[in-house]
There are 2 protein chains.
Amino acid sequence: MAAPTWVAVPDDSPFGVHNLPYGVFTTADRPQERRIGVAIGDHVLDAGAAARAAGAGTAGPEAGLLTAPTLNPLLTAGRSAWTAVRSLITAWLTDEAHRAAVEPHLLPRDSVTLHLAFDVADYVDFYASEHHATNVGRIFRPDGEPLPPNWKHLPIGYHGRSGTIVVSGTPVVRPNGQRRGAGLSAPSFGPCERLDFEAELGFVVGGPTAQGEPVPLAEAEEHVFGVCLLNDWSARDIQAWETVPLGPFLGKSFATSVSPWIVPLDALSAARVDPPPHDVGIQPYLDDRDTGTPPRGLDIAVEVRLRGEVVSRPPFSTMYWTYAQMLTHMTVNGASLRAGDLFASGTVSGPKREQRGALIELTWNGEEPLVLADGTKRTFLEDGDELVISATAPGPDGTRIGFGEVAGRVVAGPVLV
Amino acid sequence: MAAPTWVAVPDDSPFGVHNLPYGVFTTADRPQERRIGVAIGDHVLDAGAAARAAGAGTAGPEAGLLTAPTLNPLLTAGRSAWTAVRSLITAWLTDEAHRAAVEPHLLPRDSVTLHLAFDVADYVDFYASEHHATNVGRIFRPDGEPLPPNWKHLPIGYHGRSGTIVVSGTPVVRPNGQRRGAGLSAPSFGPCERLDFEAELGFVVGGPTAQGEPVPLAEAEEHVFGVCLLNDWSARDIQAWETVPLGPFLGKSFATSVSPWIVPLDALSAARVDPPPHDVGIQPYLDDRDTGTPPRGLDIAVEVRLRGEVVSRPPFSTMYWTYAQMLTHMTVNGASLRAGDLFASGTVSGPKREQRGALIELTWNGEEPLVLADGTKRTFLEDGDELVISATAPGPDGTRIGFGEVAGRVVAGPVLV
């Protein structure tokens, strides 16, 4: 059992000393100065200030990575630096010898403003849930095979728009676009009429690689810094009209929301579980069995609230493809990684109806409206709706690791013709 | 007629005083110091050094934008700064009064190393040539409609990988990946067997916009800084297997090559021509007719050389969608622009066989091999092949505006299992 922290942490806190997620914050008195923070209980540790206060004697060169305005220098530094910095912060928060120097740099968590924790380089969105892909296939191809023929051979993915990734709490403006009504030959233009969410996890990449050098499965952990929550807002009507032949574009690119806290992969050791078995032969480069490493499935319990009410509890442990398989596949063609790359899992959906991670599945493309406790009916999102995704995972010693949440409220868009 | 330059510029130079494309270079004696350069004749003007030498009296605050290691600060500054900086550089190179201060900062063009001129934010690739899209449709759907139903209603596009965009001259490593042979149910894995190029133009974006605020057609020029050449290397076999349902991913993401020189949109006034007429009703937000602005078609003559031999001359003037329509469509859903965004036209193909901008069209998916003058046959690219794309456009007063070239040689990839 790890040493207890000297910080007063509520028993049910998602941010115990085994978690220590990273974020970037500002305070009201220094609104221009972005600083790296680490969540602990109801506080945020000003990590750069703590590094300076703890002094050169205890803070190695890694501490300099904490004085940046984003996590990108830390992401660049790679796995050994991540381990060293995490050990350092753990020592600050558990060793009474550091308390006098470090305690002044604990700020009440509700007093800070949280920002996007890193500059996103490339953003890739996968499609790694068999239940989600099967549901979507059944909805759109009721008489065909639900999964495309390639689905079990590789983790399908596409590049999304990095520049419109926003932090939790940012309002989401309903997009305008072209969509074609059923049975019509020509499209119309106007506000999206089928606005949806997708509950996903995002994986934050560090330790850049060279172009032309694929990352094998055995090295995946060298490049996965941590995990966040992600809402892949989706305009289903715009997406349906544009998507053949080159995939999603404007149906997704208006906004993607992420949680402010990045949970280190190192905090998720107790959450590792075997992923579902593969029932189709797999190429050796993607074969994750018997590699001698801990399993790469993650027992993360996701929860989705719409207008304050829980509407889904997708279990991430049911994902067919692991983060390591996604990362290795993404680089097998020689594509390089940059610090700040972000890849998302795709909608997390479990086998049960109440585990579906998007409205298109929960309402079966609008055919079966969701009825909330107050009688409100929803097929897709309406202006004013708030959608909140949260998650927890097992931590060591019976603790829980919390991811915080990613929240977004839909607002009306500009009137265009 | 603009004032002549005091620089000795060969008559047939692609880089006359009406062009003044921007790039980023280093010299052998200062290999770590990236500097902004402007091509003029056989020289490169060290623009930052010239700004300092020309002094505060003649160089306004805009000159500070030239002392950066990339074009990104200039891109951020927006259209009015672009005009001011171009006027300033033109004055330096045409007014004898500046000659003594500026001339020491002209370096022989063949003495410098050219780099990627800007940090690429988001990269979007369009599909804007009717001839290319029709050819591809005929190859893959010989019995169906060649164009997808949405094609004439919107410029189809998708996001690509920014992190693997490389400057001309960078070797292109043949990607490995999954592909499925004709008639087989399971894929195999190995080096791409159908490696192709795509001759495209790229448009470099500046003047960032806010999320939720679409850019109307009338403001497109406020956000298009300039134009480069682009080779969208494509692994056709990998692409075919992965592309349904979410579009191109590993078939494209291993490498995209761009030319080092960015030709300012302001240098292309004489190249503006009416784009081809639209024969399908168009949504008002994309209607480019009768807007009172100069036409947005561009009479740019593209040339493709394989192993030193011209294999295609695609005319950019035949593109169905203009850069303004692409940019406006890309933002109509509220997606914001960042300085350094890059969007590409998609393969430029004209109506004639010898105007096709990719091997898949030139060889009709490998069925009709290309035979070079020395008897070499090609269906797709082999290791060692060099592919060079160049282009010119009309300049003022009967001059030609050159784009330089984007070159890349294919090299064998790593052996994976």
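## Cysteines and the absence of disulfides

In this predicted model, A:C228 counts as buried because its relative accessibility is 1%, a value that falls under the 20% limit used for buried residues. In chain B, B:C192 is likewise buried, with a relative accessible area of 3%. A search of the whole structure, taking in all chains, finds zero disulfides.

## Strand 14 of chain A and its partners

How many of the residues of strand 14 of chain A are buried? Eight of its eight residues are buried, so that this strand, which spans residues 224-231, is mostly covered. As a general point, the side chains of a regular strand alternate between the two faces of the sheet.

Strand 14 of chain A pairs with several other strands of the chain, beginning here with strand 13, residues 199-205, to which it is joined by seven bridges in an antiparallel arrangement. Within that pairing, A:A199 has A:N231 of strand 14 as its bridge partner. Strand 16, residues 256-258, also pairs with strand 14 of chain A in the antiparallel sense, over two bridges, and here A:L230 stands opposite A:V258. Two bridges likewise connect strand 14 of chain A with strand 17, residues 263-264, again in the antiparallel sense, with A:P264 of strand 17 serving as the bridge partner of A:G226.

## The annotated domain in chain A

The UniProt record, an unreviewed entry, places the feature "domain: Fumarylacetoacetase-like C-terminal" at residues 124-410 of chain A. In the model, the end C-alpha atoms of residues 124-410 of chain A lie 23 Å apart, and the span is 11% helix and 30% strand.

## Helix 5 of chain B

Helix 5 of chain B covers residues 130-140, and its buried residues are B:H132, B:A133, B:T134, B:N135, B:V136, B:G137 and B:I139. The element against which these buried residues pack is helix 8 of chain B, residues 359-362. At the N-terminal end of helix 5 of chain B, B:S129 acts as a cap, with a side-chain oxygen that lies 3.3 Å from the backbone nitrogen of B:H131.

## The interface between chains A and B

Where the two chains meet, 61 residues of chain A are in contact with 61 residues of chain B. The area buried between chain A and chain B is about 5,300 Å², and carbon and sulfur atoms give 59% of that area. On the side of chain A, the residues that lose the most area to chain B are A:R161, A:L246 and A:F249, which together make up 15% of what that side buries.

## Backbone exceptions

Most residues other than glycine have a negative phi, and most peptide bonds are trans. In chain A, the peptide bond from A:V244 to A:P245 is cis, with omega near 15°, and A:P245 is found in the loop between helix 6, residues 236-242, and strand 16. Chain B also has a cis peptide bond, joining B:V244 and B:P245 with omega about 15°, where B:P245 is found in the loop between helix 6 and strand 16 of chain B.

Which value does phi take at A:L20? Phi of A:L20 is near 55°, a positive value in a residue other than glycine, and A:L20 is placed in the segment before strand 1 of chain A, residues 22-27. A:L20 is also buried, with a relative accessible area of 3%. A:N365, which is not a glycine, has a positive phi of about 60°, and its place is in the loop between helix 8 and strand 23 of chain A.

Note on methods. Residues are numbered from 1 along each chain as its sequence is written. Chains are lettered from A and ligands numbered from 1 in the order in which they are written. This is a predicted model: local features need pLDDT of at least 70, side-chain atom pairs count only at pLDDT 80 or more; totals for chains, interfaces and linings use all residues. Side-chain values use heavy atoms; hydrogens and water are left out. Buried means under 20% relative accessible area, exposed over 50%, partly exposed in between (1.4 Å probe, protein chains only). Helices (H or I, at least four residues) and strands (E, at least two) are DSSP runs, numbered from the N terminus. Contact means heavy atoms within 4.5 Å. A polar contact is a pair of N or O atoms within 3.5 Å; within protein, one must be able to donate a hydrogen and the other to accept it, and residues adjacent in sequence count only if both atoms are side-chain atoms. UniProt positions are given in the numbering used here, feature names are shortened, and annotations may be inferred rather than shown by experiment. Two strands pair if DSSP finds at least two bridges between them. A disulfide is a pair of cysteine sulfur atoms within 2.5 Å. Buried area is the accessible area (1.4 Å probe) that two parts lose on being put together, summed over both.
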